[in-house]
Amino acid sequence: MKKISTKIILSIALCVILTAVVIGTIGVYSARNQLLPEAEGRMQALSKEYANEIDITYIK
């Protein structure tokens, strides 16, 4: 670590890695916040559909 070029390369690599981690984390949280309500809505719709099918089966 005595060369200045080594220090520059390591500092640039560290900045790139930190930037990638921050962008990745933001992307994961953003996707999670958008997908959770949609998934919950679909699960409710599916459960209602299956409940109706079961009701129809037992009513006959």
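## Arg42 and its partner

Arg42 sits at 56% relative accessibility, so it counts as exposed, the cut-off for that label being over 50%. This is a predicted model, by the way. Glu38 is a bit more mixed: its relative accessible area is 40%, which makes it partly exposed.

These two side chains meet in a salt bridge, with 2.9 Å from N to O. Side chains of opposite charge can pair when their charged atoms come close. How many salt bridges does the structure hold? Just one. Both Glu38 and Arg42 belong to helix H1, where they are four residues apart, or about one turn of the helix. An α-helix has 3.6 residues a turn, so residues three or four places apart point the same way.

## The helix and its kink

H1 runs over residues 4–59, and its 56 residues reach 81 Å from first C-alpha to last. That's close to the 82 Å you'd expect at 1.5 Å a residue.

Where does H1 kink? Look at Leu35: there's a kink of about 25° there, shortly before the proline Pro37.

## A greasy strip on the surface

Ile4, Ile8, Ile12 and Val16 make up a nonpolar surface patch of about 400 Å². Ile4, which has its place in helix H1, counts as exposed because its relative accessibility is 61%, and the label needs over 50%.

## The chain as a whole

One helix and zero strands: that's the secondary structure of the protein chain. Its radius of gyration is 26 Å, well over the 10 Å that the globule rule gives for 60 residues, so the chain is more spread out than a compact globule. Along the principal axes, the C-alpha trace spans about 85 × 15 × 5 Å.

What share of the 60 residues counts as buried? The figure is 0%, with buried meaning under 20% relative accessible area. The chain exposes about 5,700 Å² in total, and carbon and sulfur atoms supply 69% of that.

Definitions and conventions
Residues numbered from 1 in each chain as written. Predicted model: local features only at pLDDT ≥ 70, side-chain atom pairs only at ≥ 80, totals over all residues. Heavy atoms only, no water. Patch = residues over 30% accessible without salt bridge, like charges linked within 9 Å, V, L, I, M, F, W, Y side chains within 5 Å. Areas by Shrake-Rupley, 256 points an atom, 1.4 Å probe, with all protein chains shown as cover. Salt bridge = Lys/Arg side-chain N within 4 Å of Asp/Glu carboxyl O. Helix = DSSP H or I, 4+ residues; strand = E, 2+ residues; numbered from the N terminus. Buried < 20%, exposed > 50% of the residue type's maximum accessible area, 1.4 Å probe, protein only. Expected span 1.5 Å × (residues − 1). Bend = angle between axes of the 7 residues up to and from the residue. Rg over C-alpha atoms; globule rule 2.2 N^0.38 Å.
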